[in-house]
Amino acid sequence: MNIDLLLQVAGVGLLTAVLHQVLKRTGHEDMAMIISLAGLVIALVMVTGLIAQLLNSVRSIFQFY
């Protein structure tokens, strides 16, 4: 597994958590939720390539076509 990708996802999660807490404390709960959803989407986009590799590996192991 690529350690760089893991650190990038952790960085996005950390930044998202900090921004969520700051916005929530200032009374902008709606923006905090949007930031959290955006962080989740960004992390999923970053991991999409690995998920595709996993599915291809499973397909080749079980010989699905």
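The exercises below concern a predicted model and the packing and exposure of residues in its helices H1 and H2.

**Exercise 1. Helix packing**

Task: Determine how H1 and H2 are oriented towards each other, and list the residues that form their contact.

Solution:
1. Two packed helices are described by the angle between their axes and the distance between the axes.
2. H1 covers residues 3–25, and H2 covers residues 29–62.
3. The angle between H1 and H2 is about 175°, and their axes lie 8 Å apart.
4. Angles over 145 degrees count as roughly antiparallel, so H1 is roughly antiparallel to H2.
5. On the H1 side, the contact is made by Leu5, Gln8, Val9, Val12, Thr16, Leu19, His20, Leu23 and Lys24.
6. On the H2 side, the contact is made by Glu29, Met31, Ala32, Met33, Ile35, Ser36, Gly39, Ile42, Ala43, Met46, Val47 and Leu50.

**Exercise 2. Two residues of H1**

Task: Decide whether Thr16 and His20 are buried or exposed, and state which residues beyond four places in sequence they contact.

Solution:
1. Thr16 lies in helix H1, and His20 is found in H1 too.
2. The relative accessibility of Thr16 is 15%, and that of His20 is 18%.
3. Buried means under 20%, so Thr16 counts as buried and His20 counts as buried.
4. With neighbours within four places in sequence left aside, Thr16 touches Ile35, Ser36 and Gly39.
5. Under that exclusion, His20 touches Ala32, Met33 and Ser36.
6. Ser36 therefore appears in the contact lists of Thr16 and His20, and Ser36 is among the H2 residues of the helix contact.

**Exercise 3. Distances across the sequence**

Task: For Met31, Ile34 and Leu50, give the exposure class and one C-alpha distance to a residue elsewhere in the chain.

Solution:
1. Met31 lies in helix H2, as does Ile34, and Leu50 has its place in H2.
2. Relative accessible area is 40% for Met31, 49% for Ile34 and 31% for Leu50.
3. Partly exposed is the class between under 20% and over 50%, so Met31, Ile34 and Leu50 are each partly exposed.
4. Met31 is eleven residues from His20 in sequence, with a C-alpha separation of 8.1 Å.
5. Ile34 is 14 residues from His20 along the chain, and their C-alpha atoms are 8.9 Å apart.
6. Leu50 is 48 residues from Asn2 along the chain, and 9.5 Å separates their C-alpha atoms.

**Exercise 4. A nonpolar surface patch**

Task: Identify the residues of the nonpolar surface patch and its area, then place Leu54 in the fold and assign its exposure class.

Solution:
1. Leu54, Val58, Ile61, Phe62 and Phe64 make up the nonpolar surface patch.
2. The area of this patch is about 540 Å².
3. Leu54, one of the patch residues, has its place in helix H2.
4. The relative accessible area of Leu54 is 53%.
5. Exposed means over 50%, so Leu54 is exposed.

How values were computed:
Residues are numbered from 1 along each chain as its sequence is written. This is a predicted model: local features need pLDDT of at least 70, side-chain atom pairs count only at pLDDT 80 or more; totals for chains, interfaces and linings use all residues. Side-chain values use heavy atoms; hydrogens and water are left out. Patches are made of residues with over 30% relative accessible area and no salt bridge: like charges are joined within 9 Å, nonpolar side chains (Val, Leu, Ile, Met, Phe, Trp, Tyr) within 5 Å. Accessible areas come from the Shrake-Rupley method with a 1.4 Å probe; for residues, only the protein chains shown count as cover. A salt bridge is a side-chain nitrogen of Lys or Arg within 4 Å of a carboxyl oxygen of Asp or Glu. Helices (H or I, at least four residues) and strands (E, at least two) are DSSP runs, numbered from the N terminus. Buried means under 20% relative accessible area, exposed over 50%, partly exposed in between (1.4 Å probe, protein chains only). Axes are lines fitted to C-alpha atoms, for helices over the stretch in contact, and angles run from 0 to 180 degrees between N-to-C directions. Angles under 35 degrees count as roughly parallel, over 145 as roughly antiparallel, 65 to 115 as roughly perpendicular and the rest as oblique. Contact means heavy atoms within 4.5 Å.
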